[in-house]
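Colleague: Please take one part of this model and go through it closely, strand by strand. I would like to see how the pairing is laid out and what lies around it.

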Amino acid sequence: MDLKTASVDGKIVDIISEQDYLSKWRLYAENPSMGASTAVEIADQNGVKYILPFRGKNDDRPGVYPDGAVYFTKFPDSEAESSYREDSLTIVDFSDVKNVADFLARNSQIRDMETTVLTDIESVFSPQITPNDSPEMRAFKEAIISKHMDINKYAPRFGDNFLNDKRILKTSSITMNKLVAMCEKLDIEAELTLRNAKPDVANPMKKEITVILTNSGGDET
Amino acid sequence: MEVEFKKTHIPEDFSKTIAKQTFIIGPQYVHYITTVLFHGVSCCLGAMKNTQVPKAIVFRSIDHSFLAGAKVEYISNGDDPSNPASGRWDYVWTFYEDDLKGADCIDAASNSLINTYFIQSAITLYNMKFHDSSICMMLMTLMLEMIISWLKENVKEDDKATLFLTGVFKANAEVVDGKVEMGLVPEGEMKVLIKDDKAIQEA
């Protein structure tokens, strides 16, 4: 398995070789989201290897700037060098995995890496709760606020839809499907309980029914 | 009229022309290609130069007609012909094949070595790389065609046309006896690359 992963610029990225990028550059050009969680291993003229993420036109950080038939590489200055040098980064390499135990151990390394990234908060995200919020939306917003987190760090989990999903939190209602999907991406467990509306209703349910909605829960009690 | 390369319609036209081949280079980067053309040729000739025989690189259009060429020739001062340091290197570009008579000419399109100089120049000058380096020669040839077209379109009976890119080249055209005559001169920085072996090694 030819896969390397590292944390660069507070983001978990898959690392590809420059050769690999050149063989698939059209694919990356046509699907910009592919580059969002990818970085390229590129050596400078002195042979020093760097892990450089793809950048957009308005960026000016070290990275790879594709522009049609050409691409520009911006190497870091001496101050930022250690954040991009291959030999200064912690890289989880799957290329020499020998067995399942090895594979699981490296997966766990990536999870640890992700935890570090997610808890390194640059700005806490607090969606605004309004009187018009539906109960499920209010609960969801409260959950996010109490997590005291930077939602942008979760962007790779949302993929292309991140900004659209984030925008939902500016509205006052949310569908069940969207609520479940977003909870899963934010490591929130959602539970649904059905019980009698009043003790004296006709045809009462004999027991409360509770199910976990997230992560294909479905455990009924 | 004398116009700076970046202020002409060449960057826009160049960008549109290659876009038809599904290659995209933004107009804002087209002058990089021009600089890489002259820088790459200068470095290549600097590496190939020979005191015994003039060396030249020739660019031809797709129909094999001559577009332009660059030549480096050693001019001995006569005192010590065997000592390269005693003479000087004459570096010229031309739009006329006759000017290259007597030189050992290399066809740019059929020599992959020259492509590597363009690729290296792009990296050295701008940290710019080509997604598909095989298009490099096509870009360089197209650039020369566009420079020639601009000169021919803008020269008038009573007014010379001059196109320049500071530090890279100056091209001009004038009408002499009803015929358009064109010239192309590499700028000082490019000439230094021919003469300075150290600079070439570093490039």
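**The strands of chain A and their surroundings**

Modeller: Strand 3 of chain A, residues 38-43, is joined to strand 4 of chain A by 5 bridges, and the two run antiparallel. Within this pair, A:Glu41 stands opposite A:Ile51, which lies in strand 4 of chain A. The model is a predicted one.

These two strands belong to an open sheet of 5 strands in chain A, with the order 4-3-2-1-7 and mixed pairing. Strand 4 (49-53) and strand 7 (91-93) of chain A are the edge strands, each of them pairing on one side only. From one strand to the next, the twist averages 35°. A helix packs on this sheet: helix 4 of chain A, residues 100-119, which touches strand 1 (4-8), strand 2 (11-17) and strand 7 of chain A. The direction of helix 4 of chain A makes about 130° with that of strand 2 of chain A.

A:Ile51 also leads into the packing of nonpolar residues. The largest nonpolar core has 72 residues, and A:Ile51 is among those that touch the most other members, together with A:Leu52, B:Ile57, B:Met140, B:Met143 and B:Ile147. Helix 4 of chain B, residues 136-154, supplies the largest share of this core, with 10 residues. A second core, separate from that one, has 7 residues, including A:Met137, A:Phe140, A:Ile144 and A:Ala190. As for B:Met143, its contacts beyond the neighbours within four places in sequence are B:Phe14, B:Ile33, B:Thr34 and B:Leu37.

Next comes another pair of strands in chain A. Strand 5 (residues 63-67) and strand 6 of chain A pair in the antiparallel sense over 5 bridges. They form a hairpin with 2 residues between the strands, and A:Gly68 in the turn has a positive phi of about 65°. Across the hairpin, A:Tyr65 stands opposite A:Phe72 of strand 6 of chain A.

Strand 6 of chain A has a partner in the other chain as well. It is joined by 3 bridges to strand 6 of chain B, residues 128-130, and these two strands run antiparallel. A:Phe72 stands opposite B:Met128 in strand 6 of chain B, while A:Tyr71 has B:Lys129 as its bridge partner there. A:Phe72 thus faces A:Tyr65 in the hairpin and B:Met128 in chain B.

How many residues of each chain are in contact with the other? The count is 10 residues of chain A and 13 residues of chain B. On the side of chain A that touches chain B, strand 6 (residues 70-74) of chain A gives the most, with 5 residues. By class, that side of chain A has 6 nonpolar, 2 polar and 2 charged residues.

Last, the division of chain A into domains. The assignment gives domain 1 (4-118), domain 2 (121-188) and domain 3 (190-221). The centres of domain 2 and domain 3 of chain A, taken over C-alpha atoms, are separated by 24 Å. Between them, 5 residues of domain 2 of chain A are in contact with 4 residues of domain 3 of chain A. The side of domain 2 of chain A that touches domain 3 of chain A has 4 nonpolar, no polar and 1 charged residues.

Note on methods
Residues numbered from 1 in each chain as written. Chains lettered and ligands numbered in written order. Predicted model: local features only at pLDDT ≥ 70, side-chain atom pairs only at ≥ 80, totals over all residues. Core = buried A, V, L, I, M, F, W, Y, C linked by C-beta atoms within 7 Å. Buried ≥ 20, exposed ≤ 12 C-beta atoms within 10 Å, placed from the backbone. Helix = DSSP H or I, 4+ residues; strand = E, 2+ residues; numbered from the N terminus. Contact = placed C-beta atoms within 7 Å. Pairing = 2+ DSSP bridges. Axes fitted to C-alpha atoms, helices over the stretch in contact; angles between N-to-C directions. Domains from an automatic or database assignment. Nonpolar A, V, L, I, M, F, W, Y, C, P; charged D, E, K, R; others polar.
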